[in-house]
Amino acid sequence: CMAVMEEAALRVRADAGLKTSHPAWEIVPEVIKELETIREMRGLIGFTTGVARVDEATTGIRPDEYWVVGARPSRGKTVLGVQIAATNAKQDIPVLVFSFEMTRRQVVRRMIPNESGIPSFKIRDPRLMSEEEMELARQTGYHIAKWPFWVVDPDGMKASDLVAAAKFHIHRYGVKLIVVDYLQIIRGPQRDLKERVGACSNALRAIPKTENVPVVALSQ
């Protein structure tokens with residue numbers, strides 16, 4: 001009787017597994033079609049990083065990919081994250097940024113020097129600007145305001161909250177690219193930092209798999 005029950009339980013598990021598994025004969029045509037489509041493309045395959053050499057080496061950030069950019073503190077991770085977001089947003093690609101490192105105003109302030117050519121120290125202290133530079137800063141700001149670009153101040157958010165917010169923006173606003181700055185600040189039940197970062201990373205990795213929207217996560 002016990003053997004029969006175990007066999008029945010295994011059969012139930014197997015049947016459940018069949019609902020989520022895909023045979024090779026189904027997957028291969030998808031891969032071939034993808035290869036054929038990419039072969040006909042011109043230019044960058046994925047979304048740009050804003051860095052030509054990185055784009056060349058990686059072919060860009062593809063929809064089903066999860067990227068982690070790791071570096072020591074003060075090595076330019078946030079600058080790269082903002083650059084990735086800005087470069088794509090001004091190409092009319094909807095971008096969502098979760099900024100633990102900076103406020104939403106700081107994110108935009110980082111963008112104005114690159115777009116206007118005004119030195120960043122003058123953006124930090126506008127008293128040093130000429131009238132012409134101030135007007136240029138205004139016009140640049142109005143231009144940035146037209147980009148499909150959203151910033152979330154995620155202080156206190158857990159990984160599950162972040163994923164829920166990401167999916168909301170994907171379905172409501174058609175977001176195509178997500179930047180998270182940075183992994184270590186996301187809250188989690190794990191006490192160990194390594195375990196917490198791993199759990200948060202796993203949660204974020206699910207977004208490209210389920211939504212076909214790439215995530216670029218910055219990490220120390």
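These legends go with close-up views of a predicted model, taking in a cavity and the strand β2.

**View 1. The cavity in the whole structure.** Let's start with the empty space: searching the whole structure for cavities of 30 Å³ or more turns up one. The volume of this largest cavity is about 50 Å³.

**View 2. The residues that line the largest cavity.** Around the space you will find T78, G81, V82, V97, S99, M102, V107, V179, D181 and L218. Two or more lining residues come from each of α4 (77–89), β2 (95–99) and β4 (177–181). Of the elements, α4 contributes the most, with three residues. Sorted by class, the lining has six nonpolar, three polar and one charged residues.

**View 3. Strand β2 and its two faces.** Here is a strand worth a look from both sides: V95, V97 and S99 lie on one face, L96 and F98 on the other, and all are buried. In a regular strand, side chains alternate between the two faces of the sheet. Because five of the five residues of β2 are buried, the strand is largely enclosed by the rest of the structure. Two residues of this strand, V97 and S99, also appear among those lining the largest cavity.

**View 4. Strand β2 beside β3.** β2 and β3 (residues 149–152) run parallel and are joined by four bridges. To find your bearings, look for V95, which stands opposite F149 in β3.

**View 5. Strand β2 beside β4.** Five bridges connect β2 with β4, and these strands run parallel. A handy pair to pick out here is F98 of β2 and V180 of β4, which stand opposite each other.

Definitions and conventions:
Residues are numbered from 1 along each chain as its sequence is written. This is a predicted model: local features need pLDDT of at least 70, side-chain atom pairs count only at pLDDT 80 or more; totals for chains, interfaces and linings use all residues. Side-chain values use heavy atoms; hydrogens and water are left out. On a 1 Å grid over the protein atoms alone, a cavity is a set of points where a 1.4 Å probe fits but cannot get out, and a pocket is an open set with protein on both sides within 12 Å along at least five of seven lines; lining residues have an atom within 4 Å of a point. Grid points are joined across faces, edges and corners, and a volume is the space filled by probe spheres set on the points. Ala, Val, Leu, Ile, Met, Phe, Trp, Tyr, Cys and Pro count as nonpolar, Asp, Glu, Lys and Arg as charged, and the others, Gly among them, as polar. Buried means under 20% relative accessible area, exposed over 50%, partly exposed in between (1.4 Å probe, protein chains only). Two strands pair if DSSP finds at least two bridges between them.
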